[in-house]
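Visitor: Could you walk me through this model, one question at a time?
Guide: Gladly; let us look at it together.

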Amino acid sequence: MRHREWTVTVYWQYPEGTWGDQPGFRVPDGANTVSVYARGTEGGEIVSFVVGMNAADGFGVKEANVALTTTPTQYTIDISRVRDGQVVGGFGWTADGRTTPLVFFIDDLHWH
């Protein structure tokens, strides 16, 4: 029996449900990074964190293929080159090629 692979993408959008047809979240003045804490339930879970949606925001910055541990770890995405004043895709994550359920936790998301 062949297992089907999935790509999962989750976005926190602003405003809710928009894909760029409404003004987005006002990027805080001086923001250069977006940080989040994450941990896996087993360790070894592979995820990517992303800020911005290329189609809606004109940019997408990704921290790709992060191997999570069971200890909460801070991950930081450099957005210093982003000069847009608003963003629809404030934060998201993806997991590619999964054939089994993925359980992990994120906390303490901040734009700095």
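Visitor: Setting aside neighbours within four places in sequence, which residues is Val51 in contact with?
Guide: Contact here means heavy atoms within 4.5 Å. This is a predicted model, where local features need pLDDT of at least 70 and side-chain atom pairs count only at pLDDT 80 or more, while totals for chains, interfaces and linings use all residues. Residues are numbered from 1 along each chain as its sequence is written, and side-chain values use heavy atoms, with hydrogens and water left out. On that footing, and without neighbours up to four places away, the partners of Val51 are Val34, Phe59, Gly60, Val61, Ile77, Ile79, Gly89, Gly90, Phe91 and Trp111.

Visitor: Gly60 is on that list; is Gly60 buried, partly exposed or exposed?
Guide: Gly60 sits in the loop between helix 1 (54-57) and strand 5; helices (H or I, at least four residues) and strands (E, at least two) are DSSP runs numbered from the N terminus. Beyond four places in sequence, Gly60 touches Val51, Gly52 and Asn54. Buried means under 20% relative accessible area, exposed over 50% and partly exposed in between, with a 1.4 Å probe and protein chains only. At 38% relative accessibility, Gly60 is therefore partly exposed.

Visitor: How many Å apart in space are Gly60 and Gly89?
Guide: Both glycines are among the contacts of Val51. In sequence, Gly60 and Gly89 are 29 residues apart, and from C-alpha to C-alpha their separation in space is 8.5 Å.

Visitor: Which residues touch the most other members of the largest nonpolar core?
Guide: A nonpolar core is a set of buried Ala, Val, Leu, Ile, Met, Phe, Trp, Tyr and Cys residues joined through side-chain atoms within 4.5 Å. In soluble globular proteins, nonpolar side chains tend to be buried together. Among the 21 residues of the largest core, those touching the most other members are Phe49, Val51, Leu68, Tyr75, Ile79 and Trp111.

Visitor: And which strands each supply at least two residues of this core?
Guide: The core has 21 residues, Val51 and Trp111 being two of them. At least two residues come from each of strand 3, strand 4 (46-51), strand 6, strand 8 and strand 9.

Visitor: What is the bridge partner of Val34 in strand 9?
Guide: Two strands pair if DSSP finds at least two bridges between them. Strand 3 runs antiparallel to strand 9, with six bridges joining them. Strand 3 (residues 33-40) also pairs with strand 6 (residues 73-78) in the antiparallel sense over six bridges, and there Val36 is bridged to Tyr75. For Val34, the partner in strand 9 is Trp111.

Visitor: How are the rings of Trp12 and Phe91 arranged: stacked, tilted or edge-to-face?
Guide: Rings of Phe, Tyr and Trp (its six-membered ring) pair if their centres lie within 6.5 Å; planes under 30 degrees apart count as stacked, over 60 as edge-to-face and the rest as tilted. The whole structure holds six aromatic pairs. With centres 5.7 Å apart and planes at 40 degrees, the pair of Trp12 and Phe91 is therefore tilted.

Visitor: Is Phe91 buried or exposed?
Guide: The pair links distant parts of the chain, with Trp12 in strand 1 and Phe91 in strand 8, 79 residues apart. Trp12 has 42% relative accessibility and so counts as partly exposed. At 1%, Phe91 counts as buried.

Visitor: How far apart in sequence are the parts that Phe49 and Tyr75 tie together?
Guide: The ring centres of Phe49 and Tyr75 are 5.6 Å apart with planes at 40 degrees, so this pair is tilted. Both residues are buried, and they form one aromatic cluster with Trp12 and Phe91. Phe49 lies in strand 4 and Tyr75 in strand 6, so the parts joined are separated by 26 residues.

Visitor: Which residue forms a salt bridge with Arg26?
Guide: A salt bridge is a side-chain nitrogen of Lys or Arg within 4 Å of a carboxyl oxygen of Asp or Glu, and the count by this rule is one. Arg26 and its partner are exposed. The closest N and O atoms are 3.4 Å apart, and the partner is Asp29.
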